[in-house]
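Visitor: Please show me the model whose charged side-chain pairs we are to discuss.

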Amino acid sequence: MRFTAALTGLFMIVLIWSTATSAETGLEPPPPPDIRVLIDISGSMKKNDPNNLRRPALNLITQLAPEGSTAGVWTFGQYVNELVRHRPVDAAWRELARSKADEINSVALFTNIGGVLETSFDDFVEGRDYSNTHFILLTDGVVDISKETGINVSERQRIIGDILQKYRTAGAKIHTIALSRNADSVLLDRLALDTGGIATLAETSEDLTRVFLQAFERAAPAEEIPIENNAFEIDSNVEEFTALIFRDAGSKAIGLVEPGGRTFTRADKPEYVNWYQDKGYDLITIKRPFEGEWQLDGELGKGSRVTVVSNLRMLVSPLPATFFAGDVLELETGFFQDGEIVTDRNFLSLIAIDVTIRNQAGKAGTKRITEDKSPPADGVFRESISKLRDVGRYEVLVSADGKTFKRQARQRIELSPPLSVELEATGTGEDTAYRIIARALSKNIDTETSGLIARIRAPDGGNLIKSLVRNEALDQWEMEVEPVRGEGLYDVSLRFEGKTRSGLDFRFEPENVTAEFPRQEASPNEYRSLVSGEAIAEVNETLADTSATSEAPPPPSEEPVAEAAPEEPAIPVIDPEAIAAAQVEQAAAEESVTEDASGMPSWLLWALIGGGTFLVLAALGGWAFMRKK
C-alpha cells in the first residue's frame, strides 16, 4: 500500500513549457565516457569466485564499451597491474582486452584497495573535469596491505581521507561491487556514496555479469528498443543494434530471425552479423539492419535487452545514483535528430511517453506524461519524482512510442538511509579500540540542531551518558568507547535526536553495540553499519514530508533596508528556585543512571538529564555574565 501511495504522489507530475534551448536546460548528448575497471585477484577470490566468472563479466564490459570512449583494466592484490592499457576503445583494444581477461586469477596475497585507486587515477590534474570518468571497483575483501593491524587501519583512514577527497574534487565516480558479505561494505558504500556512484552486492559469482552491467550502465547509458513477446521493431533511423541475451542454466541456444524470415544462429550466420558468446550470455551486433520486426527464438533470461545506435535518439537526463527521502528528482526527456533537439510540434504531438517505476520487490507503477497534446516549445518534457521513501533500489524506465518508432531508457537509482552510523572495532589486546562515527547524508537534516547521545552500561553495572562530539572539519559526529570502568563488556545504546531543515523533529535509535575490552587476539578489524532500512522507515516518513512543509523564502525587497543599531545583549534572569530544583533533578537522575543496573532507564530519563544540565549551565552562564557586567 505504501508503494502504491508513493507512486500516486510520484506521478503528480507537472510539465513545464519554456523556450529555453537544450544547452540552457542541460539536456544534451554527454561526451564519451572514460571507464576504468579495477579487479581484485587476492587469494580469497578462489572461494568467492571459484569458476572465475570475473572473466566473462569483464568481457561483457569491454565488448559493450562504445567506440570513442576510453577504457582500461587494472588488477590488484599486493601489487597493482595495468592489465589492459588505458586508451581509446576500438576493435584492437577490445581484442586485447578479451585476450588479457584470461590472465585474471586468484593468487595475490593482500588486497591493496588504496593502491589501485591511486594507480588507476595517476592522470589526475587539479582543475580538470573528470565528471564523466567512472571507476568500477570489484573486491571481496577489506583493506589488507600488511599483517600488522595498525597499518591496515591507517591505510583505510587514508583512503577515506586523502584518496577519496581527490575523487570528490575531480568529480570522478566510483561504482563498487562487493563479491562477499565479508567485504568491507561500509568502506565500499562510502566510496560510492561520496562520489555519486552505486554500491552493489553480488550475492554469488553467478550474479557478477548482471551486476557489472548495472555499474557499466551508469557510466555509458544506452538507448534501447523494447522487446515484446520475444520480438523488437527496427525503424529506418536505426544504424546499428546490439542484442544482449542472458541465458539461464540449461536453456537452449538462441536464434535470431530477421524480418524476411531467415534465422541466424551463432554457428550459421552471415559475415555482417557479429555474434559473441560467453558463459551466461550472447551478444549479437548488426550494423545497418533491415527495417521491420526481428524475433528472438529461445528463452530470454532476466535482463535481456536490445540497444541501438540511431540517427533519432531519445535522451533522458541522468538521475542521481543515490537520493534520500524528501528529495525531488527532476527528469527531462527530449529527442535528437542529427545531434539537434527536435522541437517540431507535429512530430512531438504524436509521441506517447510513459514513465514506469519498479521497486526491488517487482511492484511497479506507470504514468503517461504526454496526456496534453500541446508539446513543449523547446522539445523537452519535464517531470518531478518525489514521495518515494522506502529504502532500496528503484528502476526508472522511460518508454516512448512515436507510432513509427519505439525507444526506451532505463536508470537504476538507490534511496539510501538519510544518515549513517558506523562502528569501527580495531586492534586486539592493549590496542583494542572502538569508535562510533555518524554522518547526516541527506541535505534535509539540520546538523546544527541534531545530534547523538550514547548510554553506556559498564561491566560493573554502572551507566554512563555521553554525547557524540561534532567534528565540523569532517562533517560528522564521533565518539571513542573507552574502558573507563575496567575490562569487560560495554553495552552501548544510541539515540539520534534530529530536526529537518523545515523544522520537523524526528528520533532514531541505531543498533546497539557491545564493546569488549580487550578484543581477542584472533579478532579481525570490524567495520559495521548500525543503520538498517527497516529501522529508518519512520525517519523517512518525516523527511518525505519536508518538501511539502518547506516554504520558499520571501523575495528580496527592492527598497533598501535601514541598518538597525546593534542591541545590547540581554541578561538572562534565572529564578534561584528553578536553579535549585534543576540541581536536585540532575543529582537524582545521575544517581539513578549510575546505580540502577537492573535495566535500561527510559529515554524520558535521558531527556530529564539533558534538561537539568541545560538549566544548570544556563544559570551559571547568566551568573558569570552579570558579574562581568
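Guide: The questions below concern salt bridges and the exposure of their partners. This is a predicted model, in which local features need pLDDT of at least 70, side-chain atom pairs count only at pLDDT 80 or more, and totals for chains, interfaces and linings use all residues. Residues are numbered from 1 along each chain as its sequence is written, and side-chain values use heavy atoms, with hydrogens and water left out.

Visitor: Why is the contact of Arg 36 with Asp 34 called a salt bridge?

Guide: A salt bridge requires a side-chain nitrogen of Lys or Arg within 4 Å of a carboxyl oxygen of Asp or Glu. The N to O distance between Arg 36 and Asp 34 is 2.8 Å, so the pair satisfies the rule. By this rule the count is 42 salt bridges.

Visitor: What makes Arg 36 buried?

Guide: Buried means under 20% relative accessible area, exposed over 50%, and partly exposed in between (1.4 Å probe, protein chains only). Arg 36 has 1% and is therefore buried; Asp 34, at 11%, is buried too.

Visitor: Why is Arg 485 called partly exposed?

Guide: Its relative accessibility is 30%, so Arg 485 counts as partly exposed. Asp 460, at 48%, is likewise partly exposed. Arg 485 forms a salt bridge with Asp 460, the closest N and O atoms being 3.3 Å apart.

Visitor: How do you know that Glu 480 and Arg 435 form a salt bridge?

Guide: Their side chains meet at 3.7 Å, N to O. Glu 480 is partly exposed at 39%, whereas Arg 435 is buried at 17%. Both belong to a network of salt bridges with Arg 156, Asp 184, Glu 424 and Glu 478.
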